[in-house]
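User: Could you take a close look at one part of this structure for me? I'd like to follow one residue and its surroundings in some detail.

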Amino acid sequence: MDTRLIALAAPLFVLLMLLEAWLSHRRGQQVYRSHDAISSISLGLLSVIVNVLTAGIGLGAYLWVSQLAPLHLPAGAAWVWLLAFVLFDFCYYWHHRLGHTIALLWAAHSVHHQSEDYNLSTALRQPSTTFLFGWLFYLPMALLGIPVALYGAVYSLNLLYQFWIHTELVGRLGWFDRVFGSPSNHRVHHGQNAYCLDRNYGGFLMVWDHLFGTYADEREDDRPIYGVRGALHSWHPLVANLKVYLGLLRASCSLTQWRDKLQVWLRPPGWTPQGIDLSWDPAAFRKHDPVLPGAWQAYAWVQFGLCYLSGLLWLVRWPGLGNPVGTGVLVAVLLGVLSLGFWLSQHTWAHRLEAGRLLLTAWMAWFTPPPVRWGVLALLGLQGLWLLRIATRPTAPVHAVSASD
């Protein structure tokens, strides 16, 4: 994935999300909630950062397999680009499909489905653990002689295409829905409804779903209910990324047979030796929607905006760990995202954790050149005063995050 291209596309993403929020408001629809949108985009930022830091795993494997290829295709030929794009989409289909039907892979992919809203910010909600196994599915492209640079390009193009299909504002598109990835058939994919499960895996093309029997039309009389069965009930990125892994670990440890201990990771999500319980009552579904006081929302948006801009700066200027200033920016972004997760969840210690983050960030800023140092310290000082005002102002009660969140 070309992370610089993703970073350059980020301003367009923001403009389109603002446009979607405005149009939905004009139509009398509420498709955005502050805590959900901030959580989703923060998870996306964290995912891109992790992808940059772990890129050597997948790229190293791709280059090694490329040496075994019987031929090497010319990267400049138009037909090779077309072939690479179609091959990537085919590999993506199987990566995506097995990500839903093998529990270990679902542990990563489930992050993308945890949002109970469906909007453009959901497209950015990506896992940070795909680097563990995701690269395996694209090695056939290396064996077929697709150059690594071309692989990275079509990866980014496929990912960018899928941004626009995460919206409720675009209805049915007729024949287009049958051929290409579209908002209608991707809404089905994100649904918890019985007819939505394990359907419409295609990224750009839906031909793979038609060929392999996984296509389903959206139903007007049974609109998709978004989210995952066994809801997340948390806004923290660590909980989002690790919940399913920890659940599988607990399930595996609770079983007595070694065969079952292994199978719980490789069988479909929810598998037990007694089978899979697919029962689900849509009437009982309630969105996780705790009230976030206005002052908390405003602070969260400002803090998120600073993290987002700093993260993009790191991606464009210092992607990696080689530059001391860049590393400091990266650490500040990670601290900000983690603290923000506690803040959105209204953790009992959220004020203290945020104060600690501000102090630690200020300590790191002290070692930067003077113009940057004083600017950052002034900004952190203003945030500290704002935080103090929120902490001492009567507000809605907060709740502690439980171990089950």
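Analyst: Happy to! This is a predicted model, and a good place to start is Met 141, which sits in helix α7, residues 139-143. With a relative accessible area of 1%, Met 141 counts as buried, because the cut-off for that is under 20%. Leaving out neighbours within four places in sequence, its contacts are Tyr 62, Ala 84, Leu 87, Phe 88, Cys 91, Ile 146, Tyr 151 and Val 154. Met 141 also has its C-alpha atom 8.5 Å from that of Ser 66, although 75 residues separate the two along the chain.

Two of those contact partners, Phe 88 and Tyr 151, deserve a look of their own. The whole structure holds 30 aromatic pairs, and Phe 88 with Tyr 151 is one of them: a tilted pair, 6.3 Å centre to centre with 50° between the planes. Phe 88 belongs to helix α4 and Tyr 151 to helix α8 (residues 148-161), so their pairing ties together parts 63 residues apart in sequence. Both rings are buried, Phe 88 at a relative accessible area of 2% and Tyr 151 at 7%.

From Tyr 151 the trail goes on to Tyr 155: their ring centres lie 6.0 Å apart with planes at 50°, so this pair is tilted too. The two tyrosines are four residues apart in helix α8, which means about one helical turn lies between them. Tyr 155 is partly exposed, with a relative accessible area of 22%.

Definitions and conventions
Residues numbered from 1 in each chain as written. Predicted model: local features only at pLDDT ≥ 70, side-chain atom pairs only at ≥ 80, totals over all residues. Heavy atoms only, no water. Buried < 20%, exposed > 50% of the residue type's maximum accessible area, 1.4 Å probe, protein only. Contact = heavy atoms within 4.5 Å. Phe/Tyr/Trp six-rings, centres within 6.5 Å; stacked < 30°, edge-to-face > 60°.
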